[in-house]
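Trainee: I'd like a close look at one part, the pocket. Please show me how it is put together and how the rest of the chain sits around it.

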Amino acid sequence: MSYARLMGSPVLLASFQAATKQAIATEAGPGIFPEHVDLALSEGSVLVSASIRVPSDVAPVAVQAKLQSSSRFQPLLEGKLMRVDGIASVCTGAVSVGDVRVELI
């Protein structure tokens, strides 16, 4: 995926971010919604660093455990990204998600 092309399309960027936030919130478990997810994108194809602002009524360690044990996150995010209208215009190959790391900070 071309970082430069993605950054050059505000509408596509917003859709990419919304799909990513939704996938993270879905896998993070109950009480986590897309508005709790902050993203930072950088070059290297497109690298995503996400942080979750966990509400006070949700245990951060439970969110961490849910995400670490998820076998569905990568295919879920790939599927959501492939359904973003216009994503093919910034793709340089197949959409794939790799090197997912979860840290509690």
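Mentor: Let's get one word straight before anything else: "buried" means under 20% relative accessible area, "exposed" means over 50%, and "partly exposed" is in between, with a 1.4 Å probe and protein chains only as cover. Keep in mind that this is a predicted model, where local features need pLDDT of at least 70, side-chain atom pairs count only at pLDDT 80 or more, and totals for chains, interfaces and linings use all residues. Residues are numbered from 1 along each chain as its sequence is written, and side-chain values use heavy atoms, with hydrogens and water left out.

Here's the overall layout. The chain has 4 helices and 2 strands (DSSP runs, H or I of at least four residues for helices and E of at least two for strands, numbered from the N terminus). Along the sequence they come in the order α-α-β-β-α-α. Along the principal axes, the C-alpha atoms fill a box of roughly 40 × 25 × 20 Å. Of the 105 residues, 35% count as buried. As for contacts (heavy atoms within 4.5 Å), take those with a separation of 6 or more: residues 24 or more positions apart account for 61% of them.

Now the pocket itself. On a 1 Å grid over the protein atoms alone, a pocket is an open set of points where a 1.4 Å probe fits, with protein on both sides within 12 Å along at least five of seven lines; lining residues have an atom within 4 Å of a point. The largest pocket has a volume of about 1300 Å³, volume being the space filled by probe spheres set on the points, which are joined across faces, edges and corners. Its lining comprises 40 residues, and nearest the centre are Val-48, Ser-49, Ala-50, Val-100 and Arg-101.

Who supplies that lining? At least two residues each come from helix 2 (10-28), strand 1, strand 2 (46-52), helix 3 (60-69) and helix 4 (73-82). Strand 2 gives the largest share, 7 residues. By class, you get 24 nonpolar, 13 polar and 3 charged residues; here Ala, Val, Leu, Ile, Met, Phe, Trp, Tyr, Cys and Pro are nonpolar, Asp, Glu, Lys and Arg are charged, and the others, Gly among them, are polar.

Let's go through those elements one by one. Ala-40 is in strand 1 (37-43) and, leaving aside neighbours within four places, contacts Leu-47, Val-48 and Ser-49. Of these partners, Val-48 and Ser-49 are among the residues nearest the pocket centre. Ala-40 counts as partly exposed because its relative accessible area is 42%. Thr-92 is 52 residues further along in sequence, and its C-alpha is 21 Å from that of Ala-40.

Thr-92 also turns up with Ser-2, which touches Val-46, Val-90 and Thr-92, not counting residues up to four places away. Ser-2 is in the segment before helix 1 (3-7), and at 14% relative accessible area it is buried. The loop between strand 1 and strand 2 holds Ser-45, whose phi is near 65 degrees, a positive value in a residue other than glycine. Ser-45 is partly exposed, at 42%.

On to the helices. Lys-21 is in helix 2, partly exposed at 25%, and touches Pro-34, Val-37 and Leu-39 once neighbours within four places are set aside. Lys-21 and Glu-35 are 14 residues apart along the chain, with 7.7 Å between their C-alpha atoms. Helix 2 is also part of what covers the buried residues of helix 4, namely Phe-73, Leu-76, Leu-77, Glu-78, Gly-79 and Leu-81. As a rule, residues three or four places apart in an α-helix point the same way, because there are 3.6 residues a turn.

Helix 3 holds Gln-64, which counts as buried at 17% relative accessibility. With residues up to four places away not counted, Gln-64 touches Val-102, Glu-103 and Leu-104. Finally, Asp-99 is in the segment after helix 4, is exposed at 59%, and has a phi near 55 degrees, again positive in a residue other than glycine.
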